[in-house]
Amino acid sequence: PTASAVVDAPAATSDKVSAENPLHVVIAGAGVGGLALANAFHGVPHVKTTVLEKTSKFKRFGGPIQLASNAMQVLREMDGDMYDNIEGKATFTGNLTNGIKDGIRNEWYAMFDLKNPASNRGMPYTCVVERPDLQEILLNRLDDGVVTNAAGVSGYHQEANGPLTITLEDGETVSADVLIGADGIWSSVRAEMHNNEAKGETSGATYSGYTVYAGELDYASPDNGEVGYKVYIGPQQYFVITDIGNGRYQWYAFLAKPVGTAESDILLKPAIDTGDGCRAGNPAYLRGVFEGWAPDIHDIIRATRNDEIEQRDLYDRPPSINKPWTEGRVALLGDAIHAMMPNLGQGGCQAIEDAQVLSEVLSGLESKSSASVAEALATYKDRRLVRSAAVQGLSRFASDIIIRGFDTPAKVVDGRFENFNYAGIVTRMLQPILPVFFKIQFAFLYTGYRNEAGVKDVATGLGLLVVGGGVLLAFAAVAADAGLLLAFGVESAAGLLEGGGILETLQGVGLDFF
């Protein structure tokens with residue numbers, strides 16, 4: 001599609017929705033969630049869609065994105081041809097070996113089965129797709145004029161029974177029946193709704209306590225075609241290697257660091273190559289950080305150039321239990337309302353689920369009255385709140401437990417006791433439990449993708465948060481961070497239990513996860 005000038009919709013003579021008087025939905029942001037929503041409305045004659053994108057033009061930018069089975073199933077049900085195009089660009093990893101390895105001994109610690117939970121439900125396997133390829137597929141299906149570039153949304157104003165007016169950064173205005181804020185973690189729409197700043201101390205987004213080094217390169221891995229995703233655990237940090245297709249690999253080094261270390265630690269980065277071949281800068285620095293860890297880690301760091309590595313601090317939000325998702329005819333989608341840590345690869349997936357539910361509730365409207373639109377958006381929030389909060393909690397849980405809890409598992413080696421400290425022993429004791437937890441987790445992710453808000457889905461989500469919080473608290477003596485544990489473990493579960501009378505609803509309901 002080509003960029004177009006922003007033109008206000010003519011005033012409707014009636015609230016009745018029809019092809020001649022369509023519901024005008026404006027989407028702020030052309031990321032994965034915003035474009036997925038625009039595509040969900042594609043071909044719906046009584047909905048007019050306008051996507052307002054801040055950037056002046058689309059460029060091939062960004063690395064691969066994981067599309068888990070739940071997101072792939074949503075896309076397949078949304079449009080078969082679109083799904084086929086995405087599948088053609090995908091590298092499937094869910095049918096390969098995936099799991100956690102002892103980062104020091106290089107031994108498999110726990111496997112997570114992505115294949116059977118998907119195949120048993122007739123769902124596509126988890127895959128990775130280059131973000132520019134996904135964006136191109138989603139853009140190409142939209143009609144010319146749907147997407148307008150250089151049109152960042154700065155705010156909005158709505159009257160109870162009057163117009164909804166959207167203000168752009170250049171001062172122009174757009175009229176609409178609905179506004180969806182899909183403008184990311186630093187959302188201007190969210191800032192307007194919550195009456196705070198888009199980015200800063202009052203924005204609601206907080207530094208997670210973790211920085212990540214991400215590398216992407218051509219790499220001849222010895223387990224190519226056999227292993228999709230490996231998480232190496234060890235003391236106070238972890239390392240991830242994943243196959244992204246076509247002989248390319250991506251890796252992540254997650255470190256517990258203060259905010260801003262990309263600048264403050266610059267003098268810690270060696271200015272010359274190491275003796276074993278790691279390039280100056282980030283590769284040489286990480287070689288030292290992971291001294292004594294598995295050869296696999298050092299091999300891929302050694303193969304990576306400094307310009308193939310990016311460091312970024314990770315921000316997320318606590319589950320939005322008591323923060324509004326909607327205000328009248330305005331709603332939030334994706335990172336704008338439930339930004340999450342990347343550990344589960346569910347950020348984009350949950351935005352796609354948001355898009356599907358929004359398209360369902362809005363496409364079914366017969367009236368564009370303020371009350372009708374507000375009611376539909378409230379239904380969207382009700383269907384998505386608990387599930388997205390559970391995934392947010394699980395994503396933070398994965399970071400906290402791996403970095404602040406997991407250690408090298410205790411083990412008897414040649415009659416010697418290795419790492420028989422508290423964390424090492426608990427890590428070993430959890431080894432047979434984690435596959436069960438993963439089974440619960442993937443059952444939840446893959447069963448509830450339609451967001452039908454049944455009692456069983458709610459119960460499973462709450463059960464995951466409670467179990468996850470309990471496991472994390474087992475490491476409290478090591479983590480020495482009860483505030484953090486409560487913030488994303490027990491507190492998340494408690495907030496959900498208290499919200500909307502859910503605790504009473506769950507009384508007497510069995511948590512049948514399988």
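This passage describes a sheet, a helix and a surface patch in a predicted model.

In the sheet, 6 strands are arranged in the order E8-E2-E1-E12-E19-E18, and this sheet is open, with mixed pairing between its strands. The edges are occupied by strand E8 (147-148) and strand E18 (326-327), each of which has a single partner strand, so that one side of each is left without a neighbour in the sheet. Within this order, strand E12 (residues 178-181) pairs with strand E19 (residues 330-332) in the parallel sense, and the two are joined over 3 bridges. In strand E19, Leu 332 is the residue that serves as the bridge partner of Gly 181.

Helix H14 comprises 14 residues (residues 434-447), and the distance from its first C-alpha to its last is 19 Å, which is close to the 20 Å expected at 1.5 Å a residue. Because 10 of the 14 residues of H14 are buried, this helix is largely enclosed by the rest of the structure. The buried residues of H14 include several phenylalanines, namely Phe 437, Phe 438, Phe 442 and Phe 444, and among the others are Leu 434, Ile 440, Gln 441 and Tyr 446.

A nonpolar patch of about 530 Å² lies on the surface, where it is made by Val 412, Phe 417, Phe 420, Ile 425 and Met 429. Of these residues, Phe 417 is placed in strand E21 (residues 416-418). Phe 417 counts as exposed because its relative accessibility is 62%, and the cut-off for an exposed residue is over 50%.

Notes
Residues numbered from 1 in each chain as written. Predicted model: local features only at pLDDT ≥ 70, side-chain atom pairs only at ≥ 80, totals over all residues. Heavy atoms only, no water. Patch = residues over 30% accessible without salt bridge, like charges linked within 9 Å, V, L, I, M, F, W, Y side chains within 5 Å. Areas by Shrake-Rupley, 256 points an atom, 1.4 Å probe, with all protein chains shown as cover. Salt bridge = Lys/Arg side-chain N within 4 Å of Asp/Glu carboxyl O. Helix = DSSP H or I, 4+ residues; strand = E, 2+ residues; numbered from the N terminus. Buried < 20%, exposed > 50% of the residue type's maximum accessible area, 1.4 Å probe, protein only. Expected span 1.5 Å × (residues − 1). Pairing = 2+ DSSP bridges.
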